[in-house]
Amino acid sequence: MAKINNIHFHNFRNFTNYKLSFDKKLNIFFGKNGCGKTNILEGISLNAKGRGIRNSSISNLIKKKESYFKIQNTFEIQNNIFDIEIHSEKNEDKYKKIIKVNDDISKDSIDILNKSISYIVFLPEMERLFQASPSYRRNFLDRLIFSGRNNYNRLINQYKKFLLERTKILQNYSTDYNWLNQIERDISLTGLEIYELRHSHLNTINSNLNLLKNDHNFQFNLELKIKDEYFTNNLSYDQYIISLQNSRSYDKQFGGSKIGPHKSDITAIINNEFDALLLSTGQQKAIVLMILLAQCNILVNSKKIKPILLLDEIGSHLDTFNRQILLDMINRFELQFFLTGTDKDLFSFVSTNAQFYNITVI
């Protein structure tokens, strides 16, 4: 299990020189909008692969008028202490993120970190998850899969690379059909794997929600499904290849591919009757919290992974049902939580001992 003990920001976002030490269980940041609460969560999230919970460019993480940022953390992983440093590095007008583990930048050290740290994230825009774009819902599901499978992003990136390569081949004046056939085989293999992982994970979430019903009074019955005109459970590799070949003319004209997991959507059926997009903001938040509760249960009890939870602006729209789900998440699992909200009183319902932080830096 990984827990972050402290963090020290240098020239990061709105922080010039800012230190915090954390409780091993529940940490709550409160303060006015713009004071830097989300920036703290973003800094914590940068310890994993990628560009953090906001997916910001590295240059935008640097405090204005400064030339670099640096974040120093101490993590406790399986009773061992790791000093982690994250900083920006500029090379030929491009910035990249550099991570050091105990002052070591080797691939082995970074792999240990990536395998040890898992995050579950809530962002305010998730309150409108089912009114957002299909790509946002796909990314939401992909982030859940990634939290339990740290090589999943590599699969997604490979798939996107193959799609771009195929478009280039199709739109060339002279088509290399041997290369095109190979790329379509690669697209079919990776596409089917993504379809299967997404389909399987949604089924696992549904199963865990049914298990959690036994001791939790959810406001709704919820079933998550993939919505895709092309995908079926019986889709074969050969069928996929033929479909790509048949769509070459269309894809040459419009680019990309008109079939594949990049076209999927995620739907949530409420009480076997209607789509979640008809729900209010507060009700959609309840749906997202139910999914995150199920995800915690999957990681902790099935995969033996203990994630860190980063729940931004979670204090708003917390009705009785939402509070119950959040409390269950906090009390059920021995995990480290980081919550933010505009006012300390928003978290008066929390019964577990919590460390509160009044963030006033602007």
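## Exercises on a predicted model

Helix α4 has 20 residues, and from its first C-alpha to its last it reaches 29 Å, close to the 28 Å expected at 1.5 Å a residue. The model is predicted, so treat each value below as computed from that prediction.

### Exercise 1: The two sides of a helix

Task: Work out where the buried residues of α4 fall as you look down its axis.

Solution.

Step 1. List the buried residues of α4: Tyr152, Leu155, Ile156, Tyr159, Phe162, Leu163, Arg166, Thr167, Ile169 and Leu170.

Step 2. Look down the helix axis. The buried residues of α4 fall within an arc of 165 degrees, so they line one face of the helix.

Step 3. Turn to the face of α4 that points away from the buried side. That face carries the exposed residues Arg154, Lys161, Leu164 and Lys168.

Step 4. Find what lies over the buried residues of α4. The cover includes α3, α5, α6 (237-246) and α7 (248-254).

### Exercise 2: A strand and its partners

Task: Find out which strands are joined to β1 by bridges, and how they run.

Solution.

Step 1. Start with β4. Eight bridges join this strand to β1, and the two run antiparallel. For one pair to look up, take lysine 3, whose bridge partner in β4 is glutamate 76.

Step 2. Go on to β2. Here six bridges make the link with β1, and these strands also run antiparallel. Phenylalanine 12 has phenylalanine 15 in β2 as its bridge partner.

Step 3. Look at the turn. The hairpin of β1 and β2 has two residues between the strands, and arginine 13 there takes a positive phi near 50 degrees.

Step 4. Check how enclosed β1 is. Nine of its 11 residues are buried, so β1 is largely enclosed by the rest of the structure.

### Exercise 3: Salt bridges around glutamate 42

Task: Describe the salt bridges that arginine 13 and arginine 54 form with glutamate 42, and say which parts of the chain they link.

Solution.

Step 1. Take arginine 13, which you met in the hairpin of β1 and β2. Arginine 13 forms a salt bridge with glutamate 42, and the closest N and O atoms are 2.9 Å apart.

Step 2. Place both ends. Arginine 13 is in the loop between β1 (2-12) and β2 (15-21), while glutamate 42 is in helix α1 (residues 37-45), so the pair ties together parts 29 residues apart in sequence. Arginine 13 and glutamate 42 are both buried.

Step 3. Now take arginine 54. Its closest N and O atoms to glutamate 42 are 2.9 Å apart in a salt bridge. This pair links distant parts of the chain, with arginine 54 in the loop between α1 and β4 (70-77), glutamate 42 in helix α1, and their places 12 residues apart in sequence.

Step 4. Compare the accessibility values with the cut-off: buried means under 20% relative accessible area. Glutamate 42 has 0%, so it counts as buried. Arginine 54 has a relative accessible area of 36% and is partly exposed.

### Exercise 4: Salt bridges elsewhere

Task: Say where glutamate 193 and arginine 149 lie and how accessible they are.

Solution.

Step 1. The side chains of glutamate 193 and arginine 149 meet in a salt bridge, at 3.4 Å from N to O.

Step 2. Glutamate 193 belongs to helix α5 (residues 177-212) and arginine 149 to the loop between α3 (134-148) and α4 (152-171), so the pair ties together parts 44 residues apart in sequence.

Step 3. Both count as partly exposed, glutamate 193 at 33% relative accessibility and arginine 149 at 32%.

Step 4. Widen the view. Arg166, Glu184, Arg248 and Asp251 are linked in a network of salt bridges; Arg166 is one of the buried residues of α4 from Exercise 1. The count of salt bridges comes to 14.

### Exercise 5: Positive phi values

Task: Decide whether asparagine 271 and lysine 304 are partly exposed or exposed.

Solution.

Step 1. Recall the usual case: most residues other than glycine have a negative phi.

Step 2. Asparagine 271 has a positive phi near 55 degrees. Asparagine 271 sits in the loop between β9 (265-270) and β10 (274-275), and with a relative accessible area of 28% it is partly exposed.

Step 3. Lysine 304 is not a glycine either, yet its phi is positive, at about 55 degrees. Its place is the loop between α8 and β11 (308-311), and at 67% relative accessibility lysine 304 counts as exposed.

Technical notes:
Residues numbered from 1 in each chain as written. Predicted model: local features only at pLDDT ≥ 70, side-chain atom pairs only at ≥ 80, totals over all residues. Heavy atoms only, no water. Salt bridge = Lys/Arg side-chain N within 4 Å of Asp/Glu carboxyl O. Helix = DSSP H or I, 4+ residues; strand = E, 2+ residues; numbered from the N terminus. Buried < 20%, exposed > 50% of the residue type's maximum accessible area, 1.4 Å probe, protein only. Pairing = 2+ DSSP bridges. Expected span 1.5 Å × (residues − 1). Arc of directions from axis to C-beta. Contact = heavy atoms within 4.5 Å.
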